[in-house]
Amino acid sequence: MTLGETMAKHMLCILPRWSARVFSVELNGASFYFGLSEQQQNDCGQHGDGVPSVFSAVDQKSHRFYSLLVSSMDRIQRARFHSQLRDKLLRDLPTECNVSPMCSFLPNVQGSVISGYLVKDSSERGSLTEKLLRDYAQHDPVLVCSYSPAEDSQGWTQHLWSSEEKEYNVVSIEEPTYHPSTLNIINSDVFYCVEEASDVLKKCGDIIPEASSVLELLHRHKVKSRDKTDFPVIVIEGLDATGKTTLTESLRDTLGATLLRSPPHCLSQWRARFDQEPPLIRRAFYALGNYITAEQIQQEAMKAPVIVDRFWHSTAAYAIATAVSGPTCNLPEVGSELYVWPRDLPQPSLVILLSLDPEERKRRLRNRGQGKTNEEQELDHNQLFRLRVEEAYRRISGPACVTVDASPSADKVLQQVLLLIRAKCHL
Ligand SMILES: Nc1ncnc2c1ncn2[C@@H]1O[C@H](COP(=O)(O)OP(=O)(O)OP(=O)(O)O)[C@@H](O)[C@H]1O
Ligand SMILES: Nc1nc2c(ncn2[C@H]2C[C@H](O)[C@@H](COP(=O)(O)OP(=O)(O)O)O2)c(=O)[nH]1
């Protein structure tokens, strides 16, 4: 029995423990799976909060209800619900329960992913688990969970259940061209135009008051022209502690340049607030930061060369590397549209990517003694994530990064970068 079948078997034996029946619903050709308890099957109708309660899933009506469930929550609600649900499950379920992310998807169809969780209950208190999940189902949308193989399993199989027989047959599908985690990136993890990112923050106004302040600042810093600037714009990219701050400040002094950064200083007061939000909202915040920085670049590059500490490469690389799980082979392939610079964001003259041996980077982080962002902590203990970030940086086009070894002394790195700037930007 493949890992997939083992998991599905577990799923079956778990789901009926809290749900009398397991259903698959065909929605736009994708198979979505969920289980409902006897009581839940009788519950229908809308909650006061506009979120449909869990419903019976045996007749045609439920299919409409199910699709209503998916569409009734706008993506802001769904993103926040999804990030809060995991914490609630981990808080309230018996400790023996394992909660792992699961998703349903239309193979190779952008935007088709529905994220949910698989609850594996190995406790002897199935009734407690069942009661908790029923309670959730009364107040929150049903836990959507389907089966997709763990990262290291061989092959992709989806299991179709027929609720009557409670049997399942393995329906093998050819391995999707795109890893499901790459299907929801466009304008959800990475934003390719200012309107899409603004739209997310506009919808957050009632739950995140700071969103209106960010939009107000964006309005005041609209990128006016796409004309070529009189002076070059050089972006310095790289993981934390690769030496960006040291290098950008030396370049500013050596070239008499203006030093900018993204997110811009005017957003610093709200950054920690948005870092707490789910990826959809957080990435929209960073995306808008790039557009505000872009307007400042346009202004300053009419007067002097401009050095920028992080810009769109950081935003896209961290977002893609966070959205995609597993090894770098799961990343969108080289040349994918996901790596293409936004058409409405002015491009810099040169992007330098500082690369550094992981151990040296950790040494510099330690010596610096500053705290680390969650992502940097993730980079530390999750080598796969670090490799995905570094590879995503390298795959971004328009302009592509020029990699510079940041291990020599600060002065040698500066000299190396000055040579590159003079060659590429004729400074
Ligand atoms: N070329 C270098 N050789 C040795 N040490 C360096 C070099 N460049 C920077 N450092 C030291 O490494 C530490 C991190 O440098 P710096 O703060 O410039 O990195 P950074 O990329 O800006 O980090 P962050 O992105 O977190 O701000 C600092 O203590 C700095 O003095
Ligand atoms: N600047 C920037 N940082 C981002 C973005 N998306 C994620 N991050 C993460 C990467 C790092 O962990 C951290 C960078 O914070 P920062 O203060 O810009 O880094 P630093 O260069 O000052 O160390 O935030 C992003 O879009 N821009």
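**Ligand contacts, loops and helix packing**

Trainee: How far is a backbone N or O atom of Ala 241 from an oxygen atom of ligand 1?

Mentor: That separation comes to 2.8 Å. Keep in mind that this is a predicted model.

Trainee: Noted. What about Thr 242, how far is its backbone N or O atom from an oxygen atom of ligand 1?

Mentor: For Thr 242 the distance to an oxygen atom of ligand 1 is 3.2 Å, again from a backbone N or O atom.

Trainee: And which atom of ligand 1 does the backbone of Pro 408 meet?

Mentor: A nitrogen atom of ligand 1, with a backbone N or O atom of Pro 408 lying 2.9 Å away.

Trainee: Zooming out a bit, which residues come nearest to ligand 1?

Mentor: There are 15 residues around ligand 1, and the ones that come nearest are Ala 241, Lys 244, Thr 245, Thr 246 and Arg 368. You've already met Ala 241 through its backbone contact at 2.8 Å.

Trainee: OK, switching to the backbone. Is the peptide bond from Ser 262 to Pro 263 cis or trans?

Mentor: Cis, and its omega is near -5°. To find Pro 263, look in the loop that runs between strand E8 (258–261) and H9.

Trainee: And the Gly 398 to Pro 399 bond, cis or trans?

Mentor: That peptide bond is cis as well, with omega near -15°. Pro 399 sits in the loop between helix H14 (383–395) and strand E11 (401–405).

Trainee: What's odd about the phi of Asn 187?

Mentor: Asn 187 isn't a glycine, yet its phi is positive, at about 55°.

Trainee: Where does Asn 187 sit?

Mentor: In the loop between strand E6 (167–173) and helix H6 (194–202).

Trainee: Since you bring up H6, at what angle does it cross H7?

Mentor: Roughly 150°, and the axes of H6 and H7 (residues 210–220) come within 9 Å. So H6 is roughly antiparallel to H7. On the H6 side the contact uses Val 194, Ser 198, Leu 201 and Lys 202, while H7 brings in Ala 211, Val 214, Leu 215 and Leu 218. Sorted by class, that contact has six nonpolar residues, one polar and one charged.

Trainee: How do the axes of H7 and H9 cross?

Mentor: They cross at roughly 135° and come within 11 Å. That angle makes H7 oblique to H9. As for handedness, H7 passes H9 in a left-handed crossing.

Trainee: Which residues make that contact?

Mentor: From H7 it's Glu 210, Ala 211, Ser 213, Val 214 and Leu 217, and from H9 it's Trp 270, Arg 273 and Phe 274. They divide into five nonpolar, one polar and two charged residues.

Trainee: Last pair, then. How do the axes of H9 and H10 cross?

Mentor: The axes of H9 (residues 268–275) and H10 (residues 279–300) cross at roughly 160° and come within 9 Å. The two helices are therefore roughly antiparallel to each other. H9 passes H10 in a left-handed crossing.

Trainee: Which residues meet there?

Mentor: H9 offers Trp 270, Arg 271, Phe 274 and Asp 275, and they meet Ile 281, Arg 282, Phe 285 and Tyr 286 of H10. By class, the contact of H9 with H10 has five nonpolar and three charged residues, with no polar ones. Trp 270 and Phe 274 should ring a bell, as they turned up in the contact of H7 with H9.

How values were computed:
Residues numbered from 1 in each chain as written. Chains lettered and ligands numbered in written order. Predicted model: local features only at pLDDT ≥ 70, side-chain atom pairs only at ≥ 80, totals over all residues. Heavy atoms only, no water. Axes fitted to C-alpha atoms, helices over the stretch in contact; angles between N-to-C directions. Helix = DSSP H or I, 4+ residues; strand = E, 2+ residues; numbered from the N terminus. Parallel < 35°, antiparallel > 145°, perpendicular 65-115°, else oblique. Left-handed = near helix turned anticlockwise from the far one by under 90°. Contact = heavy atoms within 4.5 Å. Nonpolar A, V, L, I, M, F, W, Y, C, P; charged D, E, K, R; others polar. Near = heavy atom within 4 Å. Polar contact = N/O pair within 3.5 Å; in protein donor to acceptor, adjacent residues only side chain to side chain.
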